[in-house]
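This report goes through one structure, from its backbone to its ligand. Please keep the sequence and the 3D view open while reading.

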Amino acid sequence: MGPGPSMVHPRVYEAISCPLVGHLDPLFLELMTQMQQRLRQVFCTENQLTIAISGTGSAGMEAAFVNLVEPGDEVLVCVNGVFGNRMSDIVGRVGGTLHRIDRPWGEVFDPREIEEALERSPETRIVAIVHAETSTGVCQPLVEIGRICRERDCLLIVDAVTSLAGIELRVDDWLIDACYSGTQKCLSCPPGLAPLTLGPRAIERLSRRRTKVASWYLDLTMIQKYWAERQRTYHHTAPISMNYALHEALGLVLEEGLEPRYARHRLHSRALMAGLEALGFEPAAQEGHRLPVLNAVWVPDGIDEAQMRRRLLDDYNIEIGGGLGELAGKVWRVGLMGESASRDNVHTLLTSLGELLTSNNESTQATAALDAARAIYVS
Ligand SMILES: *Cc1c(COP(=O)(O)O)cnc(C)c1O
C-alpha cells in the first residue's frame, strides 16, 4: 500500500514465469501486437505509436523529452511536486530552454496560469505536466490544457505514471500529444516497462528533427521500426518476460473494464480516507483534486512517523509510503493502486493503525475508524 510497486495478481506472476521465446519469434510478435491494442484501449487512444519502452516509468519520461525536445527548444514545465521537478531537470539535460511555473506542493494548476505563461513566452514549443503527482496525492485536471496547447502549436506531454488504469485518462479526447506511464502503479505489474503513446503531431515533430535524438537506446525513430508490424527491425532485445507480464496485466484491466476499475479505486479511497480522518489524519492534497490511488495525509504531531511505518511493516506486513522532498517526515502516502485497492486492505490498514495508535497514547479510535469506513461501504 505504498506509492508502488502495487500488489500483483497471480495471473501476472504466472505470465512472467512462462518459458522464453526470442524477441523476433512469431509468437512474441503476435503478443506485442495484442499488447499494443490493449495499451491503446487503456490510454483511450487510436495512436499507432503506442508501445512499451524498456525501463521503468522514468525511462518513459526520458523517452518523451529526449525525442521531442531539440537543443534550444523552449519547454514549459508545470511543477507542483517531485515528478514535475524531474521533468524540468531532464529538459535541461537534453538542451532545452526551460520555462517553469510552480504551484505549492499539493495544489493544482489553473489552465489560465499555463495560458499566461505561454503568452509571456510565445516561442514555447512544448508544455509538460504531471496528471497524478505521486509525491503529493494531487490530481491535475487536463481537459482545457490540451486546447490551450493546440491553439499555440505546442505539444502537450503528460506524465500518467500513477494515473493510467487507476483514474480517468483520455489521451485523444484531451488532446494529449505524448503520454507515458509505468507498470508497477495502477497496472499492478512488476516494475520494468514504460507504456508510451505518441500522437500524430508528436510524430511529425519527431520526423522533422534537425538533430539526431541524443539517446541511442531511447531513440523512437529506431524503436518504432521494431514495433511496426511489417518492419520488425531489431534495435535492442525486448525484455520478453516483462512483456508477458504487462500483456496479462492489461488483460486483467480490460476484463474488469475501465469505468468499474476507476469506480473501485474511488470507493476504497473514500472508505480509507474516512477511516484515516477518524484516526486524526487530515488529507494533505487540495480539496476536490485528491487522488483516489494515492492518499496523502498529514501525520499528526506527536507521532514518530518513521517508527510507526516501520512497525506497520515489521509487525503487520503492511507497507505505506513516507513523504518525499519537502514533505518528508510530514505526510504519509497510502497507495490504493490496482490490486491493492481492496476492502480487505483498507480494513487491515485501519485495524493495524488503530492498534498501533492505542499502544502509543491512551485513547483509541480504531472502532471509530472501521465504523467510518463501513459507513462508506454500506452507503
Ligand atoms: C513513479 C513515478 C515516476 C517514475 O517511475 P519509475 O517507475 O520509478 O521510474 C514518474 N512519475 C510519476 C508521477 C510517478 O509516480
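Pro5 sits in the segment that comes before helix 1 (10-16). In this predicted model, the peptide bond between Gly4 and Pro5 is cis, with omega at about 0 degrees. A second backbone feature is found at Cys44, which is not a glycine and yet has a positive phi of about 55 degrees. Cys44 belongs to the loop between helix 2 and strand 1 (49-54). Both features are worth noting because most peptide bonds are trans, and most residues other than glycine have a negative phi.

**Aromatic pairs**

The count of aromatic pairs comes to 3. One of them is formed by Phe28 and Tyr244. The ring centres of Phe28 and Tyr244 are 6.5 Å apart, and the planes make an angle of 65 degrees. This pair counts as edge-to-face, because planes over 60 degrees apart are put in that class. Which parts of the chain does the pair link? Phe28 is in helix 2 (residues 26-43) and Tyr244 is in helix 9 (residues 240-256), so numbered by DSSP runs. These are distant parts of the chain, with the two positions 216 residues apart.

**A sheet and its helices**

An open sheet is built from 3 strands in the order 10-12-11, with antiparallel pairing. Strand 10 (294-298) and strand 11 (321-322) are the edge strands, and each pairs on one side only. Strand 10 is joined to strand 12 (residues 331-335) by 5 bridges, in the antiparallel sense. Within this part of the sheet, Val297 has Trp332 of strand 12 as its bridge partner.

Two helices lie against these strands. Helix 10 (residues 258-278) crosses strand 10 and strand 12, and runs at about 10 degrees to strand 10. Helix 11 (residues 305-316) packs on the sheet and touches strand 11 and strand 12. The direction of helix 11 makes about 25 degrees with that of strand 12.

**The ligand**

How many residues surround the ligand? There are 13, and the closest are Thr56, Ser58, Thr134, Asp159 and Lys185. The table lists side-chain contacts to ligand atoms for three residues.

| Residue | Ligand atom | Distance |
|---|---|---|
| Ser58 | oxygen | 2.5 Å |
| Thr134 | oxygen | 2.3 Å |
| Asp159 | nitrogen | 2.7 Å |

On its own, the ligand has 380 Å² of accessible area, and the protein covers 89% of it.

Note on methods: Residues are numbered from 1 along each chain as its sequence is written. This is a predicted model: local features need pLDDT of at least 70, side-chain atom pairs count only at pLDDT 80 or more; totals for chains, interfaces and linings use all residues. Side-chain values use heavy atoms; hydrogens and water are left out. Two strands pair if DSSP finds at least two bridges between them. Helices (H or I, at least four residues) and strands (E, at least two) are DSSP runs, numbered from the N terminus. Contact means heavy atoms within 4.5 Å. Axes are lines fitted to C-alpha atoms, for helices over the stretch in contact, and angles run from 0 to 180 degrees between N-to-C directions. A residue is near a molecule or strand if one of its heavy atoms lies within 4 Å of it. A polar contact is a pair of N or O atoms within 3.5 Å; within protein, one must be able to donate a hydrogen and the other to accept it, and residues adjacent in sequence count only if both atoms are side-chain atoms. Accessible areas come from the Shrake-Rupley method with a 1.4 Å probe; for residues, only the protein chains shown count as cover. Rings of Phe, Tyr and Trp (its six-membered ring) pair if their centres lie within 6.5 Å; planes under 30 degrees apart count as stacked, over 60 as edge-to-face and the rest as tilted.
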